[in-house]
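Hello,

Here is the structure we talked about passing on. Please open it and keep it beside this email as you read.

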Amino acid sequence: MTEHHTPANSPPNASLSSARLRVIRFQGRLLDGMIITLIFIMLATLLGAIAGLVFDYFAAIKLLIEAVQGMGTMASHDLVKATGQHLVSDVLSVFILIELFRSFTDYLEFHRIRLQVLAEVGFVFVLREVFVGLYAQHLNWQDLLALGLLLAILGGTRVLATRFPPRAHSSHR
């Protein structure tokens, strides 16, 4: 049998290989730059969310004091409940931002999205919806069942990702 040299079988040209490496390095630096930019944007967003949470907390206390002084304690019960729901939702949203921030920094460090971190972001997001929905009493049993199933799937994904991490040679970097 004779061996046919096709472009796919032939050894790579040195200049083509060098150009390919330069393009890949440029792409890696460009992606790193974009991720760093996103990290700074996420950090600013996180700081803004925390500042907003502190502002909302003090505004809620002021509103509650005014309500108690003006209407009495019985009339302010609904205001306390609504304010509490809003603050709980804000705190849980900050936790989601923290997890997203962590996933961006992990990407910058490992140059891949880690499934464990992504599952944790999903956990926090779903738990936020469960807590807010339960606190506001807006979830029916079908919603709770679906969210519970989603939490179980995320938990299984997290366990499998921890138990079977990617091999070192399967990484592109």
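Below is what was found, from the whole chain down to single residues.

Please note that this is a predicted model.

The chain as a whole

The chain holds four helices and zero strands. Read from the N terminus, its elements run α-α-α-α. The chain has 173 residues, and 22% of them count as buried. Its exposed surface comes to about 12600 Å². Carbon and sulfur atoms supply 69% of that area. Now take the contacts between residues at least 6 apart in sequence. Of these, 74% join residues at least 24 apart.

The cores

Start with the largest nonpolar core. It has ten residues in all: I35, I39, M42, L46, L53, A60, L87, V94, L97 and F101. Which elements give two or more residues to this core? They are α1, spanning 14–71, and α2, spanning 77–110. Helix α1 provides the largest share, with six residues.

L97 is a good core residue to click on. Setting aside residues up to four places away in sequence, L97 touches M42, T45, L46 and A49. M42 and L46 belong to the largest core too.

There is also a second, separate core. This one has five residues, among them V126, V130, L147 and L151.

A charged residue inside

Next, look at D90, in helix α2. D90 is buried, yet it has no salt bridge. How far away is the nearest side chain of opposite charge? That side chain is R128, and it lies 6.2 Å from D90. A salt bridge needs a side-chain nitrogen of Lys or Arg within 4 Å of a carboxyl oxygen of Asp or Glu, so a distance of 6.2 Å does not qualify. D90 does have other company. Apart from neighbours within four places in sequence, D90 is in contact with L53 and D56. Of these, L53 is a member of the largest core.

A nonpolar patch on the surface

Finally, turn to the outside. I50, V54, Y57, F58, I61 and I65 make a nonpolar surface patch of about 540 Å². Take I65, which sits in helix α1. Is I65 buried or exposed? Neither label fits: its relative accessible area is 44%, so I65 counts as partly exposed. The cut-offs behind this are simple. Buried means under 20%, and exposed means over 50%. A patch residue must have over 30% relative accessible area. With 44%, I65 is therefore over that limit.

Best wishes

Key: Residues are numbered from 1 along each chain as its sequence is written. This is a predicted model: local features need pLDDT of at least 70, side-chain atom pairs count only at pLDDT 80 or more; totals for chains, interfaces and linings use all residues. Side-chain values use heavy atoms; hydrogens and water are left out. A nonpolar core is a set of buried Ala, Val, Leu, Ile, Met, Phe, Trp, Tyr and Cys residues joined through side-chain atoms within 4.5 Å. Buried means under 20% relative accessible area, exposed over 50%, partly exposed in between (1.4 Å probe, protein chains only). Contact means heavy atoms within 4.5 Å. Patches are made of residues with over 30% relative accessible area and no salt bridge: like charges are joined within 9 Å, nonpolar side chains (Val, Leu, Ile, Met, Phe, Trp, Tyr) within 5 Å. Accessible areas come from the Shrake-Rupley method with a 1.4 Å probe; for residues, only the protein chains shown count as cover. Lys and Arg count as positive and Asp and Glu as negative; His and the chain ends are not counted.
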